[in-house]
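Please open the structure in your viewer and keep the sequence panel visible beside it. This tour proposes a series of selections and describes what is found at each.

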Amino acid sequence: MKKIIFECAGNTIFFVLLGLMLLFPVSGSSSGTILDEGGFTATFSVTVMIFIGYTIIYGITRLVLSKKTAWLDKNNSELAFSDEREKSIRNNSAMLGYRVLMFGSIVSVCCIAAAQSFSVITGENISIYALSICLLILTLVITTIAYCIKWCLEYRH
């Protein structure tokens, strides 16, 4: 159960940082007014650096823990199982995760369509890109949390 909680918490943080990185990839940019002046420069935001740092630290931590706690096997993921009971738990949790993901995707598409329609009708400028990233990341986070909760509840019974 510790492995599932570790994996799900790690994935949730990864998804949130990925969303922040995609929402705010560049903190500043400038371009020369004359083509001969050197063109274009951009500065990456701190979210990109945090995402890269977290990805490296999480990867190393996962590797070290998998070697120390015998998590390392041919199917080393949160979907791995060691016996028939865990296989059943994994199947039920994955089924719930799939349902949450499908429902979240449908709701996200409807929200994006509604925002686009609202933007056209009212003339407001709505960032469909930012809305899409937020809804996608929110769906992934909720799916991961639902999977983890279902797995832990079934494991305790």
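Read along the sequence, the chain follows the pattern α-β-β-α-α-α. In total there are four helices and two strands in the chain; helices (H or I, at least four residues) and strands (E, at least two) are DSSP runs, numbered from the N terminus. The model is a predicted one, in which local features need pLDDT of at least 70 and side-chain atom pairs count only at pLDDT 80 or more, whereas totals for chains, interfaces and linings use all residues. Residues are numbered from 1 along each chain as its sequence is written, and side-chain values use heavy atoms, with hydrogens and water left out.

Of the 157 residues in the chain, 28% are buried. Here buried means under 20% relative accessible area, exposed means over 50%, and partly exposed lies in between (1.4 Å probe, protein chains only).

**First stop: helices H1 and H4**

Select residues 2-23, which form helix H1, and residues 128-156, which form helix H4. Their axes come within 10 Å and cross at roughly 175 degrees. Axes are lines fitted to C-alpha atoms, for helices over the stretch in contact, and angles run from 0 to 180 degrees between N-to-C directions. H1 and H4 are therefore roughly antiparallel to each other; angles under 35 degrees count as roughly parallel, over 145 as roughly antiparallel, 65 to 115 as roughly perpendicular and the rest as oblique.

Which classes of residue make up the contact of H1 with H4? There are 19 nonpolar, four polar and no charged residues. In this scheme Ala, Val, Leu, Ile, Met, Phe, Trp, Tyr, Cys and Pro count as nonpolar, Asp, Glu, Lys and Arg as charged, and the others, Gly among them, as polar.

Next, select Ile 5, which lies in helix H1, together with Tyr 147. These two residues are 142 residues apart in sequence, and their C-alpha atoms are 10.0 Å apart in space. Ile 5 is partly exposed, at 39% relative accessibility.

Then move to Cys 134 in helix H4 and to Gly 19. Their C-alpha atoms are separated by 6.8 Å, although the two residues are 115 residues apart along the chain. Cys 134 is partly exposed, with a relative accessible area of 40%.

**Second stop: helices H1 and H2**

Keep H1 selected and add helix H2, residues 46-68. H1 and H2 pack at an angle of about 165 degrees, with their axes 9 Å apart. That makes H1 roughly antiparallel to H2. H1 passes H2 in a left-handed crossing; a crossing is left-handed if the near helix is turned anticlockwise from the far one by less than a right angle, and right-handed if clockwise.

**Third stop: helices H3 and H4**

Select helix H3, residues 84-122, and display H4 with it. The axes of H3 and H4 come within 8 Å and cross at roughly 160 degrees. H3 is thus roughly antiparallel to H4. Their crossing is right-handed. The contact of H3 with H4 has 17 nonpolar, eleven polar and six charged residues.

**Fourth stop: the salt bridges**

How many salt bridges does a search of the whole structure find? It finds two. A salt bridge is a side-chain nitrogen of Lys or Arg within 4 Å of a carboxyl oxygen of Asp or Glu.

Show the side chains of Glu 7 and Arg 62, which meet in a salt bridge (2.7 Å, N to O). This pair links distant parts of the chain, with Glu 7 in helix H1 and Arg 62 in helix H2, 55 residues apart. Is Glu 7 buried or exposed? Glu 7 is buried, with a relative accessible area of 2%, while Arg 62 is partly exposed, at 21%.

Now select Lys 150 and Glu 154, whose closest N and O atoms are 3.1 Å apart in a salt bridge. Both residues lie in helix H4, four residues apart, about one turn of the helix. Lys 150 counts as partly exposed at 28% relative accessibility, and Glu 154 counts as partly exposed at 21%.

**Last stop: the cysteines**

A disulfide is a covalent bond between the sulfur atoms of two cysteines. The structure holds zero disulfides, a disulfide being identified as a pair of cysteine sulfur atoms within 2.5 Å.

Select Cys 111: the nearest cysteine sulfur, that of Cys 110, is 7.1 Å away. Cys 111 is partly exposed, with a relative accessible area of 32%. Finally, select Cys 152, for which the nearest cysteine sulfur, that of Cys 148, is 4.1 Å away. Cys 152 counts as buried, at 15% relative accessibility.
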